[in-house]
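Me: I've got a model open and want to know what backs up the labels people put on it. Can we go through them one by one?

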Amino acid sequence: MFKKLLVANRGTIAIRIIRACRELGIRTVAVYSTADKDALHVRMADESVCIGPPAAEESYLNIPSIISAALTYGADAVHPGYGFLSENGDFAEACRRSGLSFVGPRARHIRLMGDKPRARRIMMRNGVPVLPGSEGTGVTDLRDATVQARRIGYPVLIKAAAGGGGKGMRVAHDGRELGRLFPLAGAEAEAAFGSRVMYLEKYLENARHVEFQIIADNYRNVIHLGERDCSIQRRHQKVLEEAPCTMLSDRLRDKMGRAAVRAAEVVGYSNVGTIEFLLAPGGEFYFIEMNTRIQVEHGVTEMVTGIDLVKESLLLATGERLRFKQRQIKLTGAAIECRIYAEDAETHLPAPGVVSNHHAPGGLGVRVETALYDGYRVPVHYDPLIAKLIVHAPDRKQAISRAKAALREYLIDGIKTNIPLHLRILDDPAFQRGDLVTEFLSRLQPAAKAVQGGEAVLRAG
Ligand code: ADP
């Protein structure tokens, strides 16, 4: 096992990793920017080192600083968490070149899956279903996009080849809209990923986002740990996730799970990963992408399977074999995660500030992952995710009641949060019936949509 691990991240995931390391007897090194000198992950780690100013490019994305911190402090491994450098093949490679174990897949798998048109092609070739889409390595000019969109049939979704976080995505319902949105999406992609290469996919209406957690060792053994329904999204970004998905029969779960395992097997993937699918109302499903890291929503899978994914990822990174067989994986009860953001519940504008009073809910089946404490100042520089509330109960109905009770108990004074939005979602009759689609939130808040101005991105059908 590793002796000392550098956590190349901040916030809730840094704390999650430090906790897993403590259980395994691994010492930890936290890195932080000057904006995070009072952050909880810095206090919790055994050692800590400042790696730069607040701007992420100069601190949490600064590969040379992080590598030299790891070497100076004598770490033998690095965990990237999610976001920041977690899907940066160069970082994984730089770690390994410096003799540090990277807790995650090999650099070539990160790069391969980070090139979305290429990942689509590989899946297609190996019998994993994908939606009709543009052919080739990507689309860069409008003329090509128009030809491809006509062949695919409108509506089409314009996506960034190097995409992530829903950035650079636009739905086009006809040629005129494509003409208007294609350059906009390209500019957004260029700003976010430094590349204007786009691709097109048939836009699937009334679909659910259903993803499978997979886990693989270095010896080509792969299993899945069931699914998560992440259909509750805003601007293509997840807000609330649950496991299991209300629409999956055991048969469909098995079919999708096998496709997810195949997707990982065909590339020889190792460590934890997620295969994302869109699930149509008729039960057809399509690969959209693979995330080659731990997900924000990994907690719901942990609750229904009883498996600690972060601990498993550490064990797998040391070269251990998978400790479970597919038939040993059982899903028990229902789990829901509410992502709590420091933002205005209606306008969604970020609301950083000082937390004057923090009380996290507790009780049976209630888990809170947060970096908040009394007097903590939420910095303006980073993702506004401040807490994850995860509940687990014997069935979905009880999980919903438990989530609502816990949200009402949650006290975060001094800043605005989206807790009221979560309560609205959980109170919604369609949500309670389990009728989820990715357009759910845009239909739930027509009033808020007007306030958001440029948000008419996801035009619900
Ligand atoms: P990102 O990597 O930017 O998160 P994804 O490919 O994972 O992009 O898609 C994010 C979300 O966008 C999905 O969960 C889904 O809601 C929506 N989406 C993606 N592709 C399609 C599609 N072809 N049709 C309809 N919705 C889609």
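Me: Which strands each supply at least two residues of the shell around the ligand?

Reply: β6 (156-160), β8 (198-202), β12 (271-279) and β13 (285-291) each do that. Strands here are DSSP runs (E, at least two residues), numbered from the N terminus. Keep in mind that this is a predicted model: local features need pLDDT of at least 70, side-chain atom pairs count only at pLDDT 80 or more, and totals for chains, interfaces and linings use all residues. Residues are numbered from 1 along each chain as its sequence is written, and side-chain values use heavy atoms, with hydrogens and water left out.

Me: What makes the Gln233 and ligand pair a polar contact?

Reply: The cut-off is a pair of N or O atoms within 3.5 Å; within protein, one must be able to donate a hydrogen and the other to accept it, and residues adjacent in sequence count only if both atoms are side-chain atoms. A polar side-chain atom of Gln233 lies 2.6 Å from a ligand oxygen, so the pair falls within 3.5 Å. Lys116 has a polar side-chain atom 2.8 Å from an oxygen of the ligand, and Glu201 has one 2.9 Å from a ligand nitrogen.

Me: Why is Asp229 called buried?

Reply: Buried means under 20% relative accessible area (1.4 Å probe, protein chains only), and exposed means over 50%, with partly exposed in between. Asp229 has 2% relative accessibility, so the residue counts as buried. Asp229 is found in strand β10 (residues 222-234), and its side chain makes a polar contact with the side chain of Arg208 at 2.8 Å.

Notes:
Helices (H or I, at least four residues) and strands (E, at least two) are DSSP runs, numbered from the N terminus.
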